[in-house]
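Got a few minutes to walk through a model together? Have a look at the fold, then we'll trade questions.

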Amino acid sequence: MIAEPLERGIAEDIERGRVNMRMTAKERGGFFQANYQWDLLASRSIWAFGPDENGPNILRDDTLPSQVRLVGRHIYHSADKTHFRSTRSS
């Protein structure tokens with residue numbers, strides 16, 4: 001996890017409700033693309049604002065699609081091996 005400061009104005013836009021989690025990912029993405037020049041992937045990868053619904057922090061998935069496939073396979077295989085161990089020792 002990486003913490004970075006937000007661009008000037010984003011926190012105020014969230015707190016004032018100009019952008020919120022009730023918007024679709026497409027609507028939020030359009031807002032960040034138009035107002036802050038975020039790329040499409042970044043602007044549609046927002047998971048939450050916090051610490052509450054209109055808090056001035058953003059939790060965003062910054063992994064690339066190619067990384068997700070690699071990490072997903074690794075997690076799947078790890079979980080599968082763990083399941084095998086736990087069922088075998090029973």
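Q: Let's start with the pocket: how do the residues lining the largest pocket divide into nonpolar, polar and charged?
A: Bear in mind that this is a predicted model. The largest pocket has a lining of 15 residues. Split by type, that lining comes out as nine nonpolar, one polar and five charged.

Q: Which element gives the most to the lining of the largest pocket?
A: The largest pocket holds about 650 Å³ of space. I2, A3, I58, R60 and D62 are the lining residues that lie nearest its centre. With four residues in the lining, the top contributor is strand 2 (residues 57-60).

Q: Zooming out, in what order do the elements of the protein chain run from the N terminus on?
A: The tally to place is four helices and two strands. Reading on from the N terminus, the order is α-α-α-β-β-α.

Q: What share of the residues of the protein chain count as buried?
A: The accessible surface of the chain is about 7,100 Å², with 55% of that belonging to carbon and sulfur atoms. To count as buried, a residue needs under 20% relative accessible area. Of the chain's 90 residues, the share that qualifies is 21%.

Q: Now the backbone: which peptide bond is cis?
A: Most peptide bonds are trans, so a cis one is worth a look. P51 sits in the loop between strand 1 (46-50) and strand 2. The bond leading into P51 has omega near 10°, which makes the cis one G50 to P51.

Q: Is Q37, with its positive phi, buried or exposed?
A: Phi of Q37 is near 55°, and this isn't a glycine. Q37 belongs to the loop between helix 2 (25-36) and helix 3 (40-43). Its relative accessibility is 63%, and the cut-off for exposed is over 50%. Therefore Q37 counts as exposed.

Q: And N20, buried or exposed?
A: N20 is in the loop between helix 1 (10-15) and helix 2. Leaving out residues up to four places away in sequence, N20 touches R28 and F49. The relative accessible area of N20 is 15%, and the limit is under 20%, so N20 is buried.

Q: Which residues have a backbone nitrogen lying 2.8 Å or 3.1 Å from a polar atom of the N20 side chain?
A: Both distances fall within the 3.5 Å used for a polar contact. At 2.8 Å from a polar side-chain atom of N20 is the backbone nitrogen of R22. At 3.1 Å, the backbone nitrogen belongs to M23.

Technical notes:
Residues are numbered from 1 along each chain as its sequence is written. This is a predicted model: local features need pLDDT of at least 70, side-chain atom pairs count only at pLDDT 80 or more; totals for chains, interfaces and linings use all residues. Side-chain values use heavy atoms; hydrogens and water are left out. On a 1 Å grid over the protein atoms alone, a cavity is a set of points where a 1.4 Å probe fits but cannot get out, and a pocket is an open set with protein on both sides within 12 Å along at least five of seven lines; lining residues have an atom within 4 Å of a point. Grid points are joined across faces, edges and corners, and a volume is the space filled by probe spheres set on the points. Ala, Val, Leu, Ile, Met, Phe, Trp, Tyr, Cys and Pro count as nonpolar, Asp, Glu, Lys and Arg as charged, and the others, Gly among them, as polar. Buried means under 20% relative accessible area, exposed over 50%, partly exposed in between (1.4 Å probe, protein chains only). Accessible areas come from the Shrake-Rupley method with a 1.4 Å probe; for residues, only the protein chains shown count as cover. A polar contact is a pair of N or O atoms within 3.5 Å; within protein, one must be able to donate a hydrogen and the other to accept it, and residues adjacent in sequence count only if both atoms are side-chain atoms. Contact means heavy atoms within 4.5 Å.
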